[in-house]
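Subject: Structure for you to look at

Hello,

Here is the structure I promised to pass on. Please open it alongside this email. My notes follow below.

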Amino acid sequence: MSAVWSATVLTLFPDMFPGPLAFSLSGRGLAQGLWRLEAVDIRAYATDRHQSVDDTPFGGGAGMVLRPDVVAAAVDDARSRGAAGPLVYLTPRGLPLTQREVEAFAAGPGLLLLCGRYEGVDQRVIERRGFLERSIGDFVLSGGEIAAMAVIDACVRLLPGIVGDRRSLEEESFASGLLEYPHYTRPQVWEGVSVPEVLLSGDHQAIRRWRRQQALATTRARRPDLLKEVFRETTTGPPRAGAMSGAQP
Ligand code: ADE
């Protein structure tokens, strides 16, 4: 087993990786060996002389479907070379990925991610190999690669040594189950608009209270579904750190 968290990506476009993951926090961590990335070309597992990885859908319809035998060969080979962690197939049909699940993924040994192209992947290999099907939002990308990068980025920034000041992880959106409060910096007055007075007061308790109110109000306006979740937890179990302090339904 690899000592560091590792992402193995099965894709028809391995050259897309590391792409944006080579920059910023994830890029520095990758260069420092704090996590590992391997992009595997699914086409290398084709067995016919045309190197075909996909075929027309049974039942008819548009587009092409990735073959189960080719995908399975790529998965099994990655496993035999030590790729550990859950298998995740990125698809708009999947359950929505949550920060909770990202935290669980980051706490494990890594991920094996499958990027679909064309119409999709034969459902039998999804089920036989036990893939989790996950979506990164209610919109359709032209393939799973950008979604895989998003998932990897979300995990990697939670690994030890990637984000310098871990307080920023605790305060950000979703960490408490709420959307984050708004931020302000210099200049104090810009285009005639001043920053909120309370932030200049030096009263840390008042600032904390104001930020919590802002987080609640924004969540109520934009994502009432999240608010329901936060309050549900207070009756069914312990709240997440900071989620409920001062907030009454
Ligand atoms: N592939 C295409 N669209 C996607 C989405 N919204 N989430 C995850 N994978 C995808």
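What span should the 19 residues of helix 7 have at 1.5 Å a residue, and how far apart are its end C-alpha atoms? The expected span is 27 Å, and the end C-alpha atoms are 27 Å apart, so the two agree. Bear in mind that this is a predicted model.

Some more on helix 7, which covers residues 204-222. Its buried residues are Ala206, Ile207, Trp210, Ala215, Leu216, Thr218 and Thr219. At the start of the helix, look at Asp203. One of its side-chain oxygens comes within 3.2 Å of the backbone nitrogen of Gln205.

Now the overall layout. The domain assignment splits the protein chain into domain 1 (5-156) and domain 2 (176-245). Taken over C-alpha atoms, the centres of domain 1 and domain 2 are 35 Å apart.

Next, the ligand. Leu90, Thr91 and Pro92 are part of its surroundings. So are Arg134, Ser135, Ile136 and Gly137. Phe139, Val140, Leu141, Gly143 and Ala147 complete the list. By class, that shell holds seven nonpolar residues, four polar ones and one charged one.

Where does the shell come from? Strand 5 (87-96) and strand 8 (132-135) each contribute at least two residues. Strand 5 gives the largest share, with three residues.

The polar contacts of the ligand that I noted go to backbone atoms:

- Phe139: a backbone N or O atom is 2.7 Å from a ligand nitrogen.
- Ile136: a backbone N or O atom is 3.0 Å from a ligand nitrogen.
- Thr91: a polar backbone atom is 3.2 Å from a ligand nitrogen.

How much of the ligand does the protein cover? On its own, the ligand has 260 Å² of accessible area, and the protein covers 96% of that.

One shell residue deserves a separate look: Gly143. You will find Gly143 in the loop between strand 8 and helix 5 (145-156). Is Gly143 buried or exposed? Its relative accessibility is 12%, and the cut-off for buried is under 20%, so Gly143 counts as buried. Gly143 and Gly120 are 23 residues apart along the chain. Their C-alpha atoms are separated by 9.1 Å.

When you go through the model, I would take helix 7 and then the ligand shell, in the order above.

Best wishes

Conventions: Residues are numbered from 1 along each chain as its sequence is written. This is a predicted model: local features need pLDDT of at least 70, side-chain atom pairs count only at pLDDT 80 or more; totals for chains, interfaces and linings use all residues. Side-chain values use heavy atoms; hydrogens and water are left out. A residue is near a molecule or strand if one of its heavy atoms lies within 4 Å of it. A polar contact is a pair of N or O atoms within 3.5 Å; within protein, one must be able to donate a hydrogen and the other to accept it, and residues adjacent in sequence count only if both atoms are side-chain atoms. Accessible areas come from the Shrake-Rupley method with a 1.4 Å probe; for residues, only the protein chains shown count as cover. Helices (H or I, at least four residues) and strands (E, at least two) are DSSP runs, numbered from the N terminus. Ala, Val, Leu, Ile, Met, Phe, Trp, Tyr, Cys and Pro count as nonpolar, Asp, Glu, Lys and Arg as charged, and the others, Gly among them, as polar. The expected span of a helix is 1.5 Å times one less than its number of residues. Buried means under 20% relative accessible area, exposed over 50%, partly exposed in between (1.4 Å probe, protein chains only). Domain bounds come from an automatic or database domain assignment.
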